[in-house]
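Reader: Please take me through one part of this model in close detail. I would like a single strand first, and then whatever connects to that strand.

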Amino acid sequence: MTRLTDQAHERIASILKPGEIAIDATAGNGHDTCFLCSTVGPAGKVYALDIQQTALEQTADQLAQQGCFQCELICCDHGLLQEVIPEQHRNRIGAIMFNLGYLPGGDHALITQPASTLAAVKAAVNFLRPGGIMTIVAYPGHPGELEEPKKTTTG
Ligand SMILES: C[S@@+](CC[C@H](N)C(=O)[O-])C[C@H]1O[C@@H](n2cnc3c(N)ncnc32)[C@H](O)[C@@H]1O
């Protein structure tokens, strides 16, 4: 069975174009951020958010290894997405990814929370361009496994 993250990548790859802007709202270890960077190419731009500095350090390492330099790393709660993404990108972002849960290899108790994720998803909708794509991957196997998918999709 194809992994959920691979399914998200496949769908995004069919929509996100070189030169576009994308957001990774949960950068983690940087796999999704690198995928977005390679999809938009050097003429594009990616904003990668994570609440943990250690996650952004992992992401920065991944980006450097893959020679991706068009990414802005932002250490903040993604509930602040509306404040940290420049207003000029409203209605212009090609893809926005949420990969919920905890940082693999990090503190499993520090997980995404429904309230801030919901605020981020609501704000993110306003940044998507017409025909753009937002993916939200929620995993079982952590304390928020039951609440997160319900609250993020129904508000
Ligand atoms: C499953 S991991 C993301 C995996 C990542 N996309 C990758 O490709 O490796 C979830 C990430 O969400 C981050 N996170 C948790 N709460 C957050 C919040 N409120 N705002 C932004 N990031 C958050 C965690 O620090 C963790 O790195």
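Author: Start with one pair of residues. Ile23 stands opposite Ile96 in strand 4. That contact belongs to a pairing between strand 1 and strand 4, residues 93-99. The two strands pair in the parallel sense, over four bridges. Keep in mind that this is a predicted model.

Now look at strand 1 itself. Strand 1 covers residues 21-24. Ile21 and Ile23 point one way from the strand. Ala22 and Asp24 point the other way. In a regular strand, side chains alternate between the two faces of the sheet. Which of these four residues are buried? All of them are, Asp24 included.

Strand 1 has a second partner. Four bridges join strand 1 to strand 2, and these two strands also run parallel. Here Ala22 stands opposite Val46 in strand 2. The chain gets from strand 1 to strand 2 by way of helix 2. This β-α-β crossover is right-handed.

Follow strand 4 next. Before strand 4 comes a loop from helix 4 (81-84), and Asn91 lies in that loop. Phi of Asn91 is near 65°, a positive value in a residue other than glycine. Most residues other than glycine have a negative phi. Is Asn91 buried, partly exposed or exposed? Asn91 is partly exposed, because its relative accessible area is 48% and the partly exposed class runs between 20% and 50%.

After strand 4 comes another loop, which leads to helix 5 (114-125), and Leu100 has its place there. Leu100 counts as buried, because its relative accessibility is 2% and the cut-off for buried is under 20%. Leu100 and Ile15 are 85 residues apart in sequence. From C-alpha to C-alpha they are 22 Å apart in space.

Ala95, for its part, has a C-alpha 5.7 Å from that of Gly132. In sequence these two are 37 residues apart. Gly132 is found in strand 5, residues 128-137. Gly132 is partly exposed, with a relative accessible area of 23%.

Leu100 also leads to the largest pocket. Asn99, Leu100, Gly101, Tyr102 and Pro104 are the lining residues that lie nearest the centre of this pocket. About 700 Å³ of space lies in the pocket. Its lining has 36 residues. By class, 15 are nonpolar, 16 are polar and five are charged. Which elements contribute? Helix 1 (4-13), helix 2 (31-40) and strand 2 (45-50) each supply at least two lining residues. The largest share, four residues, comes from helix 1. Helix 2 and strand 2 thus appear in the lining as well as in the crossover from strand 1.

One last point concerns the cysteines. A disulfide is a covalent bond between the sulfur atoms of two cysteines. How many disulfides are there? The count comes to zero. Cys34 is in no disulfide, and the nearest cysteine sulfur, that of Cys68, is 5.3 Å away. The cut-off for a disulfide is a sulfur pair within 2.5 Å. Cys34 is buried, with a relative accessible area of 3%. Cys71 is in no disulfide either; its nearest cysteine sulfur belongs to Cys37, at 4.5 Å. Cys71 is also buried, because its relative accessible area of 19% falls under the 20% cut-off.

Notes:
Residues are numbered from 1 along each chain as its sequence is written. This is a predicted model: local features need pLDDT of at least 70, side-chain atom pairs count only at pLDDT 80 or more; totals for chains, interfaces and linings use all residues. Side-chain values use heavy atoms; hydrogens and water are left out. On a 1 Å grid over the protein atoms alone, a cavity is a set of points where a 1.4 Å probe fits but cannot get out, and a pocket is an open set with protein on both sides within 12 Å along at least five of seven lines; lining residues have an atom within 4 Å of a point. Grid points are joined across faces, edges and corners, and a volume is the space filled by probe spheres set on the points. Ala, Val, Leu, Ile, Met, Phe, Trp, Tyr, Cys and Pro count as nonpolar, Asp, Glu, Lys and Arg as charged, and the others, Gly among them, as polar. Buried means under 20% relative accessible area, exposed over 50%, partly exposed in between (1.4 Å probe, protein chains only). Two strands pair if DSSP finds at least two bridges between them. A crossover is right-handed if, with the strands pointing away from the viewer, the path from the first strand over the helix to the second runs clockwise.
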